[in-house]
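Welcome, and please take a moment to look over the model below before reading on. We will then walk through it together, one region at a time.

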Amino acid sequence: MVGNVSRAAIIGDRRITGLSADVIAELVAELGPLWHERHQAKLASRSRKRAVGAGAKHRLVFVDRLLATLVHLRHAITHDLLACWFGVDRSTITRAIGEVRPLLAERGCTVSTGVRLRTLAEVVDHLGTSGTAGIIDGTEIRVRRPAAGRKDRDKFISGKSKQNAVKTMIVTNEDGRVLFCSPTRPGSCADITHARQLGLVKLLADGPAVEILADAGYQGLGAQTGGRVITPPHRKFKKNAPDWYEEMHERQRRAHSSRRIRVEHGIAHLKNWRALARHLGHREHMSHTVQAVAGLLSHQQTADLMSARQM
């Protein structure tokens, strides 16, 4: 394991983990007991061959497990290199990341101190209570090509990028702060289909009056949600349009785009974490990875906002 000096250097430099020392301390205090509880439950679930307390002791304490996971998510560093850095075996790093990543994904997105949004229903209620508009958009993450012979191999090919990818739906507020990141779907899934599968139509139709901005990939949701999903204006003239109509359409399109662009900023912040730029691990882990990064990013944004208000 790393020494105290190296650990302090990792925690103290935000460029390494993407998080401030205060946020890392909160993560350790929150997730440490939960990880220990799950670890003990896992040991108790199988018959013991040794006495309680016997056997090898952990060489990688929970703080180091968390730091290794953060560095991996931030910079996509290989498990082999992390094993050399932390002075343990590669399998130990792989197991540590596999245990910590789901804990990070379950935390949800932090919107204020002690308040987190874990489901799309909670996001819609939050937007309705705060009286702010939400912005939705889909983003793709490149993944490894499925093995030859797999029957659903073509499902991961994106019609947009022509690459093997998975897709997730991002919800932000008007300022571009991430509020929700959905589980991933194969890249061939259309944005509007993904939104329907997540239950967005029912939540908006039965929930509070909320304004949701979206791009042209969600055309049709407005009619299904009573106009609560706002998409770019339709073109009524396909050709030979009057000059006055062209000016009006362009003005409406730019007004909508200028409001919706903030979701692109939120997605860009997510893609700064290299694990989401291109994923080289198992595709089955992508849902946990993208939700973990979204939760970490929202937590840091909340901490930065609170610090700015206190100054």
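Of the 311 residues in this chain, 43% count as buried. Please keep in mind that you are looking at a predicted model. The chain contains 13 helices and 8 strands, and its C-alpha trace spans about 80 × 60 × 35 Å along the principal axes. To get a feeling for how the chain folds back on itself, take the contacts between residues at least 6 apart in sequence: 65% of them join residues at least 24 apart.

Let us begin with a pair of helices. Two packed helices are described by the angle between their axes and the distance between the axes. Helix α3 covers residues 21–44 and helix α4 covers residues 62–75; they pack at an angle of about 115°, and their axes are 10 Å apart. The way α3 passes α4 is a right-handed crossing. Which residues meet there? From α3 come Ile 24, Leu 27, Val 28, Leu 31, Gly 32 and Trp 35, and facing them from α4 are Phe 62, Val 63, Arg 65, Leu 66, Leu 67 and Leu 70. Sorted by class, this contact has 10 nonpolar, 1 polar and 1 charged residues.

If you follow the chain out of α4, you come to Ala 76, which sits in the loop between α4 and α5 (79–86). Ala 76 has a positive phi of about 55° although it is not a glycine. Is Ala 76 buried or exposed, or in between? With a relative accessible area of 37%, Ala 76 is partly exposed, because buried means under 20% and exposed means over 50%.

From here we can turn to an open space in the model, the second largest pocket. About 520 Å³ of space lies in this pocket. Its lining is made of 20 residues, and those nearest its centre are His 72, His 79, His 279, Leu 280 and Gly 281. Helices α5 and α6 (90–105) each supply at least two residues of the lining, and α6 gives the most, with 5 residues. By class, the lining has 5 nonpolar, 9 polar and 6 charged residues.

One of those central residues, His 279, also leads us to Thr 289, which touches it. Thr 289 belongs to helix α13, which runs over residues 286–310. What else does Thr 289 touch, leaving out residues up to four places away in sequence? Its other partners are Leu 73, Arg 101, Ala 275 and Leu 276. The relative accessible area of Thr 289 is 1%, so Thr 289 counts as buried, the cut-off being under 20%.

Next comes an enclosed space. How many cavities of 30 Å³ or more does the structure hold? There is 1, and the largest cavity has a volume of about 30 Å³. Its lining consists of Leu 120, Val 123, Val 124, Leu 127, Ile 136, Val 171, Leu 200 and Ile 212. Helix α7, residues 120–130, gives the most to this lining, with 4 residues. The class count reads 8 nonpolar, no polar and no charged residues, whereas the lining of the second largest pocket includes 9 polar and 6 charged residues.

Now look at the strands, beginning with Glu 140 in strand β3. Which residue lies 27 places from Glu 140 in sequence, yet 4.5 Å from it in space, C-alpha to C-alpha? That residue is Lys 167. Leaving aside neighbours within four places in sequence, Glu 140 is also in contact with Ser 158, Lys 160, Ser 161, Ala 165, Val 166, Gly 187 and Lys 271, as well as with Lys 167 itself.

Between β3 (134–142) and β4 (165–173) there is a loop, and Lys 162 has its place in it. Like Ala 76 with its positive phi, Lys 162 has a positive phi, here of about 60°, although it is not a glycine. The relative accessible area of Lys 162 is 62%, so Lys 162 counts as exposed, the cut-off being over 50%.

Our last stop is Phe 237, in the loop between β8 (229–230) and α11 (243–260). Not counting residues up to four places away in sequence, Phe 237 touches Pro 242 and Tyr 245. Phe 237 is partly exposed, with a relative accessible area of 32%.

How values were computed. Residues are numbered from 1 along each chain as its sequence is written. This is a predicted model: local features need pLDDT of at least 70, side-chain atom pairs count only at pLDDT 80 or more; totals for chains, interfaces and linings use all residues. Side-chain values use heavy atoms; hydrogens and water are left out. Axes are lines fitted to C-alpha atoms, for helices over the stretch in contact, and angles run from 0 to 180 degrees between N-to-C directions. A crossing is left-handed if the near helix is turned anticlockwise from the far one by less than a right angle, and right-handed if clockwise. Contact means heavy atoms within 4.5 Å. Ala, Val, Leu, Ile, Met, Phe, Trp, Tyr, Cys and Pro count as nonpolar, Asp, Glu, Lys and Arg as charged, and the others, Gly among them, as polar. Buried means under 20% relative accessible area, exposed over 50%, partly exposed in between (1.4 Å probe, protein chains only). On a 1 Å grid over the protein atoms alone, a cavity is a set of points where a 1.4 Å probe fits but cannot get out, and a pocket is an open set with protein on both sides within 12 Å along at least five of seven lines; lining residues have an atom within 4 Å of a point. Grid points are joined across faces, edges and corners, and a volume is the space filled by probe spheres set on the points.
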